[in-house]
Amino acid sequence: MSQSNERTLKDVLTELMNQYRLKQGISESKINAAWQRMMGPTIIKHTVQIRLVKRTLYILIDSPSLKQELFYGREKIKTMLNEELGETFLEEVVIK
C-alpha cells in the first residue's frame, strides 16, 4: 500500500461519523457531559434542557436572574464547550 493511500483511524472514523450523521448526537452527548462537569450545582439545578440543533446550542434555564447572567456569558460558554469538544463545533449558544 502506498503512503498516499494510508489514512489514520481517526480520519476514517470522522468520515464515517459525518457520513452517517452521528457527529451531531456524539457532540450533544459530549456537551451534556461537559455541562454537568463544568457548571456548578446551582446552574445544573436550574438547567431544564440542553438541545443541540445543527451547530446552535439551546439552553433552557428556569431562573430569570441566572438566565440573564448566563446570557451575558454565552461567548465564554461557547468557547469552553468548543475547547472541551476539541474543535470549533458550536457556532452559537442561545439561553432561553
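## Around threonine 47

Set aside the neighbours within four places in sequence, and threonine 47 still has company: it is in contact with Trp35, Ile59, Leu60 and Ile61. Keep in mind that this is a predicted model.

Threonine 47 belongs to strand β1, which covers residues 47-53. Its relative accessibility comes to 16%, and since buried means under 20%, threonine 47 counts as buried. There's a polar link here too: the threonine 47 side chain gets to within 2.6 Å of the backbone oxygen of isoleucine 43.

## The aromatic pair

How many aromatic pairs does the structure hold? Just 1. The partners are phenylalanine 71 and tyrosine 72, with ring centres 5.5 Å apart. Their planes sit at 80°, and anything over 60 degrees counts as edge-to-face, so that's the label this pair gets.

Are these two residues buried or exposed? Phenylalanine 71 is partly exposed, at a relative accessible area of 35%. Tyrosine 72 counts as exposed because its relative accessibility is 63%, and the cut-off for exposed is over 50%.

## Arginines over rings

Phenylalanine 71 turns up again here, this time with a charged residue: arginine 74 lies over the face of its ring, 4.0 Å from the ring centre. So phenylalanine 71 has tyrosine 72 as its edge-to-face partner and arginine 74 over its face.

Which ring does arginine 51 lie over? That would be tyrosine 58, with arginine 51 placed over its face at 5.1 Å from the ring centre.

Notes: Residues are numbered from 1 along each chain as its sequence is written. This is a predicted model: local features need pLDDT of at least 70, side-chain atom pairs count only at pLDDT 80 or more; totals for chains, interfaces and linings use all residues. Side-chain values use heavy atoms; hydrogens and water are left out. Helices (H or I, at least four residues) and strands (E, at least two) are DSSP runs, numbered from the N terminus. Buried means under 20% relative accessible area, exposed over 50%, partly exposed in between (1.4 Å probe, protein chains only). A polar contact is a pair of N or O atoms within 3.5 Å; within protein, one must be able to donate a hydrogen and the other to accept it, and residues adjacent in sequence count only if both atoms are side-chain atoms. Contact means heavy atoms within 4.5 Å. Rings of Phe, Tyr and Trp (its six-membered ring) pair if their centres lie within 6.5 Å; planes under 30 degrees apart count as stacked, over 60 as edge-to-face and the rest as tilted. A charge sits over a ring if NZ of Lys or CZ of Arg is within 6 Å of the ring centre and within 35 degrees of the ring normal.
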